[in-house]
Amino acid sequence: MTKAFSSAILFAATLALCLSPLVVRAASPEEHDARMAWWRDARFGMFIHWGLYAIPAGEWNGKPVPGIGEWILAKGNIPLADYVPLAKQFNPTGYDPQEWAQIAADAGIKYVVITSKHHDGFCLFDTAATDWDVVDATPYGKDLLAPLAAACRARGIHFCTYYSIMDWHHPSQRIDSEKHHNTHIDPARKPEYIAYMKQQLRELLDSCDPDVLWFDGEWVEWWTEADGKDLYAYLRDLKPSLIINNRVGKGRKGMEGLNRGDQEYAGDFGTPEQQIPETGIPGVDWESCMTMNDTWGFKKNDHNWKSSKMLIEQLIDTSSKGGNYLLNVGPTAEGRIPAPSVERLAALGRWMRVNGEAIYGSAASPIASPDWGRFTAKRERLYAHVFETPASGQLVVPCAAENAVVLGSDVEVTIAVEDAQTKATLPELDTQDAPTVLLFQTAQ
Ligand code: H79
């Protein structure tokens, strides 16, 4: 190779390196909107927390421990040295990815986000970067994620993966002896760990092509916003259409820094956890992730299940504020989604088959939340989600409607329009097990 030629290559490579984050960040608002379009329309996703922590399932040596990889290795819980051999017991012969995907599809779910690696570092996919994965360390010996990706796609469900930045198992880090939600990294080994993550994420993109990467565990003090921006650019370069949550960087505290074109924080959407904000933020994409009981991973003694009605109301509440709802299930070590979760998903599905048009593709309601329920909106349609029938038997809607019906029925609702207000006299509504939706059509 001539010197001039090799220096030209070097120049081009350097230029490409310098430009790649810029290329990612310079996306026009139109390109950004196009990339986010399916996710904004989806509104309803399923989170799956699955891993070795489903084996102790909330109990260790007869004592309760957290049911999730979350704090399972924390002080006083399971020592890492005792946790690692659990892999030899992990043999989820009851796992049927087709069944899981069908449960999700029947619930009206549009995307699935599954743990590829939680804080315990254990990988549910085949990675050459470590043997601490389902293929190399367990009797099951097969990749769990690619078959689920295929089963989801066959049903029109977007397949997405969760990945924890904090890693209790990687030799670069050790768990803080007091604050288990933290690791300390050997600074000399940080580049090696970043290369490890990048290799695994590339493998994940190659093997199951996720549409969202959902990072977590970014709060460790050694992970910086610059690290997050670098990882964001790396991934978008590998898959330009990829959507990445704000926990790739330090943006959890910075919902307001997202999607405004300023890219103050890396990431495409905010991630309130176990809470639905009082209001959305116009122009900011966000997603509330919630559990059906109290834990993320399967825990046999957690019976604190939310009712189906409450879950439906949370989905509506989130949509009414312009957010997505990511509802968690924690499958067992055998590979089954627990029956109480399946029942609740089925109830959500029954409701969505009738009322889905009020959720999918809906926009945040311009109207504040009333006492009796929530509003969602779609072009000339306003949906009133009645959680409890108001004592007056009437609803007042702040727009001039042409007509109103009970969604999914031919029951017409009597309305009286005055100025820019519509007063609806409610027919008998059954809101015992699920909210009822009234559709108000306004002039085009
Ligand atoms: O995967 C599920 C949980 O296992 C995981 N996130 C969901 C999606 C999770 N891990 N830890 N936590 C949730 C709770 C973390 C709490 C804290 Fe903090 C981390 C307290 C202090 C550091 C949050 C982040 C508040 C400050 C920084």
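A residue is called buried when its relative accessible area is under 20%, exposed when that area is over 50%, and partly exposed in between (1.4 Å probe, protein chains only). Helices (H or I, at least four residues) and strands (E, at least two) are DSSP runs, numbered from the N terminus.

The model is predicted: local features need pLDDT of at least 70, side-chain atom pairs count only at pLDDT 80 or more, and totals for chains, interfaces and linings use all residues. Residues are numbered from 1 along each chain as its sequence is written, and side-chain values use heavy atoms, with hydrogens and water left out.

**Exercise 1. Helix α5**

Task: Determine which residues of helix α5 are buried, and what covers them.

Solution.
1. Helix α5 comprises residues 97–107, and its buried residues are P97, W100, A101, I103, A104 and A107.
2. Viewed down the axis of α5, these buried residues fall within an arc of 155°, so they line one face of the helix. The arc is that of the directions from the helix axis to the C-beta atoms.
3. The cover over the buried residues of α5 includes β1 (44–48), β4 (111–117), α7 (145–154) and α11 (339–355). Contact here means heavy atoms within 4.5 Å.
4. Consider next the two ends. At the start of α5, a side-chain oxygen of D96 reaches to within 3.1 Å of the backbone nitrogen of Q98. Just after α5, G108 takes a positive phi of about 85°.

**Exercise 2. Helix α11**

Task: Establish what span the 17 residues of α11 should have, and which residues of α11 are buried.

Solution.
1. The expected span of a helix is 1.5 Å times one less than its number of residues.
2. For the 17 residues of α11 this gives 24 Å, which agrees with the 24 Å between its end C-alpha atoms.
3. The buried residues of α11 are S341, R344, L345, A347, L348, G349, W351, M352 and N355.
4. These buried residues pack against β1, α5, α10, β11 (324–329), β13 (381–386) and β18 (436–442).

**Exercise 3. Residue T291**

Task: Decide whether T291 is buried or exposed, and find the partners of its side chain.

Solution.
1. T291 lies in the loop between β10 (287–290) and α10 (308–320).
2. T291 counts as buried because its relative accessibility is 1%.
3. A polar contact is a pair of N or O atoms within 3.5 Å; within protein, one must be able to donate a hydrogen and the other to accept it, and residues adjacent in sequence count only if both atoms are side-chain atoms.
4. The T291 side chain makes such a contact with the side chain of Q274 at 2.8 Å, and reaches the backbone oxygen of N293 at 2.7 Å.

**Exercise 4. Two residues with positive phi**

Task: State where A57 and D419 lie, and whether each is buried or exposed.

Solution.
1. Most residues other than glycine have a negative phi.
2. A57, which is not a glycine, has a positive phi of about 50°. A57 is placed in the loop between β1 and β2 (59–60), and its relative accessibility of 3% makes it buried.
3. D419 is likewise not a glycine and has a positive phi of about 50°. D419 is found in the loop between β16 (414–418) and β17 (421–425), and counts as exposed at 73% relative accessibility.
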